[in-house]
Amino acid sequence: MASSLNKVQLIGNMGRDPEIRYTNDNRAIANLTVATTESWNSKDGGRQDKTEWHRVVIFGKLAEVVEKYLKKGDKVYFEGKLQTRQWTDKEGQERYTTEIVVDSFGGQMVMLGKGGAAEGGSFDSAPASTSTSQVSQEPDFDDDIPF
């Protein structure tokens with residue numbers, strides 16, 4: 001029997017404050033974007049940066065923690081699985097989105113800002129302070145995604 005692995009580890013900065021929704025059975029869902037930036041020196045010695053934007057979806061109690069403690073610019077670690085969803089938009093076009101899903105089945109979140117888990121606190125006891133790190137302009141994601 002063959003096994004497989006679907007695991008994503010991501011350290012980056014929050015692109016905006018999390019958006020929180022609740023299901024009919026009162027289960028929290030947090031949607032957010034995280035920016036990761038890769039830096040290198042070009043052949044001419046100049047510094048080059050490339051920022052990637054990642055969609056992250058968090059479920060359950062951890063989504064409530066995210067709502068309470070995370071804000072735009074905060075540095076955070078997420079561990080989850082990669083998932084691609086398909087839906088039909090308002091104009092009848094098929095759309096796809098790929099996101100990192102963090103849930104209670106193997107997902108994890110660690111705040112890396114001052115007062116967060118990386119400095120002795122934990123996500124359920126002390127909020128991370130707002131980071132002074134700046135991220136580039138967040139892309140305008142399609143708002144027709146059903147959550």
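1. A residue is called buried when its relative accessible area is under 20%, exposed when that area is over 50%, and partly exposed in between (1.4 Å probe, protein chains only). Thr97 is a friendly place to try this out: its relative accessibility is 7%, so Thr97 counts as buried. Thr97 sits in strand E6, where strands (E, at least two residues) and helices (H or I, at least four) are DSSP runs numbered from the N terminus. The side chain of Thr97 makes a polar contact of 3.2 Å with the side chain of Arg55. A polar contact is a pair of N or O atoms within 3.5 Å; within protein, one must be able to donate a hydrogen and the other to accept it, and residues adjacent in sequence count only if both atoms are side-chain atoms.

2. Before going further, please keep in mind that this is a predicted model, in which local features need pLDDT of at least 70 and side-chain atom pairs count only at pLDDT 80 or more, while totals for chains, interfaces and linings use all residues. Residues are numbered from 1 along each chain as its sequence is written, and side-chain values use heavy atoms, with hydrogens and water left out.

3. How confident is the predictor? pLDDT is its confidence in each residue, from 0 to 100. The chain averages a pLDDT of 81, and 76% of the residues score at least 70. Among the elements, strand E2 (residues 19–22) has the highest mean pLDDT, 96, and E7 has the lowest, 92. Over residues 114–141, by contrast, pLDDT stays under 50. The model still has 57 contacts beyond four places in sequence for that stretch, a contact meaning heavy atoms within 4.5 Å.

4. Now for the overall layout. The chain has 1 helix and 7 strands, and along the sequence they follow the pattern β-β-β-β-α-β-β-β. Of the 147 residues, 36% are buried. Among contacts with a separation of 6 or more, 60% are between residues 24 or more positions apart. The chain exposes about 9300 Å², of which carbon and sulfur atoms supply 45%; these areas come from the Shrake-Rupley method with a 1.4 Å probe, and for residues only the protein chains shown count as cover.

5. Which residues touch the most other members of the largest nonpolar core? They are Leu32, Val56, Ile58, Leu70, Phe78 and Met109, out of 21 residues in that core. The elements giving two or more residues to this core are strands E1 (8–14), E3 (28–41), E4 (47–59), E5 (75–88), E6 (94–102) and E7 (108–111), together with helix H1 (61–69). The largest share, 5 residues, comes from H1. A nonpolar core here is a set of buried Ala, Val, Leu, Ile, Met, Phe, Trp, Tyr and Cys residues joined through side-chain atoms within 4.5 Å. Leu32 is a good one to click on: leaving aside residues up to four places away in sequence, Leu32 touches Met14, Pro18, His54, Arg55, Val56, Ile58, Val66 and Phe78.

6. Helix H1 deserves a look of its own. Its buried residues are Leu62, Ala63, Val65, Val66 and Tyr69. They lie on the same side of H1 because they cover an arc of only 155° around the axis, the arc being that of the directions from the helix axis to the C-beta atoms. Lys61 and Lys68 are exposed on the other side of H1. The cover over the buried residues of H1 includes E2, E3, E4, E6 and E7. One of these buried residues, Val65, has a relative accessible area of 14%; its C-alpha is 9.9 Å from that of Ala28, 37 residues apart in sequence.

7. The loops are worth checking too. Is Asp74, in the loop between H1 and E5, buried or exposed? Asp74 is buried, with a relative accessible area of 1%. A polar atom of the Asp74 side chain lies 2.9 Å from the backbone nitrogen of Lys71. The C-alpha atoms of Asp74 and Met14 are 5.4 Å apart in space, though 60 residues apart in sequence.

8. Two more loop residues round off the tour. Asp103, in the loop between E6 and E7, is buried at a relative accessible area of 13%. Asp103 touches Phe59 and Lys81, not counting residues up to four places away in sequence. Asn26, in the loop between E2 and E3, is exposed, with a relative accessible area of 56%. The phi of Asn26 is near 65°, a positive value in a residue other than glycine.

Notes: pLDDT = per-residue confidence, 0-100.
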